[in-house]
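Reader: I have a structure open on my screen and would like to talk it through with you. Could we take it piece by piece?

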Amino acid sequence: MIQSAGVASERRRVVVTGMGIVSPLGLGLEHNWSRLVAGENGFGRISSFDPSDLPAHVAGEVPAGPTGTGGLTLSDWVPVKDQKKMDRFIHLGMVAATEAVEDSGWKPQTEEERCRTGVMIGSGIGGLQTIYDASITVHEGRARRLSPFFIPSALINLVSGHVSIKYGFKGPNHSVVTACATGVHAIGDASRLIMLGDADVMVAGGAEAAVCALGIAGFSSARALSTAFNDTPEKASRPWDRDRDGFVMGEGAGIVVLEEYEHAKARGAKIYGEVVGYGMSGDAYHITAPAEGHEGAYRAMQAAVRSAGIDVADIGYVNAHGTSTMADDLELEAVERLFGDAAGKVAMSSTKSAIGHLLGAAGAVEAIFSILAIRDNVAPPTLNLDNPSRDSAIDRVAHEAQRRKIDIALSNSFGFGGTNASIILRRV
Amino acid sequence: MSEIADKVKKIVVEHLGVEESKVTPEASFIDDLGADSLDTVELVMAFEEAFSVEIPEDAAEKIATVKDAIDYIEKQKAA
């Protein structure tokens, strides 16, 4: 459907050689993964502003703290004089990108190598707090006092810009904006660039920092956020549970280093896994609600399976979009339809139960969790799934992580506007 | 050092994240203190705000060193 057999047979293979995460669980790949598998969560009452006037009081914020302990000390990552040139979503993107690039060990030595290394990091919303602050400056009649850094601080593609400047990566410099599907689209599209020969290495992923008054108020007005668990933040994100009442917003970034397989092998890089399938679709239905039976999601997953050339039954783990909204059961329906008779063998969880919905960063962070699920043969849990709103043959990994044989994983992300993306990762 | 010079120095240290000892009168914002063109725009805005003066664009373009800034502001304040 999305790729002719001819292209598929010739395409270059793409592997993941570096990963970085900053999330409400903290900083660092292994720190995030061990906390996630242990069933911990990153939720609390919103601290970046006073949410008392709004219906939703809970979010997942990146914890501050000394470097090396899982906390964020921004000056260790972004020089103080540069911090004001970037909105927080860029700060978080820089932290995760730095971890991923260093983890990969990729240091281009020649101009040719630099020109073959690109960046594609997106965001769902971009510099919302920066836009809010600048609007006040203009509203107060101080338009001439607007910082010259306002625009580059708010622009979504500036994570890619800053990463390229920091490391001298002169290849394709691109960005993705597809709301909550951004992270998967960025990794999928960047993989395609490598497959098609536009680059040998791509730094890809998503970053988001929308836990601010404008972000929380906006999603509250859209009736998208959980409001029933303001006094018990750890219980607010509960995918597939009958008492779920909306998503919990999180902030953070997930970045991977993607590399052409032979290129990675030649330099002896550590290889986490391979991007084998990628599928996209549009609902053509409604700006915020998924179509009946989440048929757009079904088509995205089906396209990913087809491009991977695998048997659906070989997928051992699905990282669901699973936002803790009414749409959870529609995704479940689509996944059941995809797996058919094999539904009883697959595990599917929503890690948003631990970190919330990172919007444009969600798909990237969740793709990384899926790769780690393959690496360790562990399906991370769905927290708070006390009473599923309906039964399913699919094991949704309630409460506790499960040790399972996982060689192939599928990760889903769907966004406002009716955009759907699925990615399939495999052990190498 | 005048009060104005002190305040200019403080603003430069704050905005460019440089050590105070480097902010000499002769120091060039771009060549010595690591500023780029947008940094200098922001610096001039900070001077305007801090000293309640207007620095028109053609004047701002001529402010290249710490001393240039101090001289310009002192002249405006004396006028």
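Author: Happy to; what follows is a set of questions and answers about this predicted model.

Reader: Let's start with the records. Which feature does UniProt list for residues 2-77 of chain B?

Author: Over residues 2-77 of chain B the chain is 61% helix and 0% strand. The C-alpha atoms at the two ends of residues 2-77 are 13 Å apart. The UniProt name for residues 2-77 of chain B is "domain: Carrier".

Reader: In which helix should I look for Ser37(B)?

Author: Ser37(B) is worth finding, as UniProt places the feature "modified residue: O-(pantetheine 4'-phosphoryl)serine" there. On the model, Ser37(B) belongs to helix 2 (residues 37-51) of chain B.

Reader: And for chain A, which feature does UniProt place at residues 11-427?

Author: Residues 11-427 of chain A are 33% helix and 19% strand, with end C-alpha atoms 18 Å apart. The UniProt entry behind the annotation is unreviewed. Its feature for residues 11-427 of chain A is "domain: Ketosynthase family 3 (KS3)".

Reader: How many residues does each domain of chain A bring to the contact between domain 1 and domain 2?

Author: The domain assignment gives domain 1 (15-267) and domain 2 (277-426) of chain A. Their centres, taken over C-alpha atoms, are separated by 21 Å. The contact takes 63 residues from domain 1 of chain A and 61 residues from domain 2 of chain A.

Reader: Which helix gives the most to the largest nonpolar core?

Author: The largest nonpolar core has 51 residues, and those with the most contacts inside it include Val16(A), Met19(A) and Val256(A). The giver of the most residues, 10 in number, is helix 15 (residues 362-376) of chain A.

Reader: From which domains does this core draw at least three residues each?

Author: Val256(A) is a good place to look, since it touches Val16(A), Met19(A), Ile187(A), Met202(A) and Ile368(A), among others. As for the core, at least three residues come from each of domain 1 (15-267) and domain 2 (277-426) of chain A.

Reader: How many residues are in the second, separate core?

Author: Among its members are Phe89(A), Ile90(A), Ala100(A) and Val163(A). The second core has 30 residues.

Reader: Is Val201(A) buried or exposed?

Author: Val201(A) lies in strand 7 (residues 201-208) of chain A. Beyond its sequence neighbours, Val201(A) touches residues including Trp106(A), Arg116(A), Leu258(A) and His263(A). Its relative accessible area is 0%, and under 20% counts as buried, so Val201(A) is buried.

Reader: What about Glu274(A), buried or exposed?

Author: Glu274(A) is in strand 10 (residues 273-282) of chain A. Its contacts away from its sequence neighbours include Arg13(A), Arg426(A) and Val428(A). Because its relative accessible area is 5%, Glu274(A) counts as buried.

Reader: On to the aromatics. How is the pair of Phe219(A) and Phe416(A) arranged?

Author: A search of the whole structure finds 4 aromatic pairs over all chains. For Phe219(A) and Phe416(A), the ring centres are 6.0 Å apart and the planes 45° apart. Planes under 30 degrees apart would be stacked and over 60 edge-to-face, so this pair is tilted.

Reader: How many residues apart along the chain are these two?

Author: Phe219(A) sits in helix 10 (residues 213-221) of chain A, and Phe416(A) in the loop between strand 15 (408-415) and strand 16 (419-426). Phe219(A) is buried at 11% relative accessible area, while Phe416(A), at 37%, is partly exposed. The pair links distant parts of the chain, 197 residues apart.

Reader: Which residue lies over the face of Tyr298(A)?

Author: Chain B has a charge over a ring too: the charged end of Lys7(B) sits over Phe51(B), 5.0 Å from the ring centre. For Tyr298(A), the distance to the ring centre is 3.6 Å, and the residue is Arg337(A).

Reader: One last thing: what is the phi of Val397(A)?

Author: Most residues other than glycine have a negative phi. Val397(A) is in the loop between strand 13 and strand 14 (402-403) of chain A, and is buried at 0% relative accessible area. Though not a glycine, Val397(A) has a positive phi of about 55°.

Key. Residues are numbered from 1 along each chain as its sequence is written. Chains are lettered from A and ligands numbered from 1 in the order in which they are written. This is a predicted model: local features need pLDDT of at least 70, side-chain atom pairs count only at pLDDT 80 or more; totals for chains, interfaces and linings use all residues. Side-chain values use heavy atoms; hydrogens and water are left out. UniProt positions are given in the numbering used here, feature names are shortened, and annotations may be inferred rather than shown by experiment. Helices (H or I, at least four residues) and strands (E, at least two) are DSSP runs, numbered from the N terminus. A nonpolar core is a set of buried Ala, Val, Leu, Ile, Met, Phe, Trp, Tyr and Cys residues joined through side-chain atoms within 4.5 Å. Buried means under 20% relative accessible area, exposed over 50%, partly exposed in between (1.4 Å probe, protein chains only). Domain bounds come from an automatic or database domain assignment. Contact means heavy atoms within 4.5 Å. Rings of Phe, Tyr and Trp (its six-membered ring) pair if their centres lie within 6.5 Å; planes under 30 degrees apart count as stacked, over 60 as edge-to-face and the rest as tilted. A charge sits over a ring if NZ of Lys or CZ of Arg is within 6 Å of the ring centre and within 35 degrees of the ring normal. Lists of a residue's contacts leave out its neighbours within four places in sequence.
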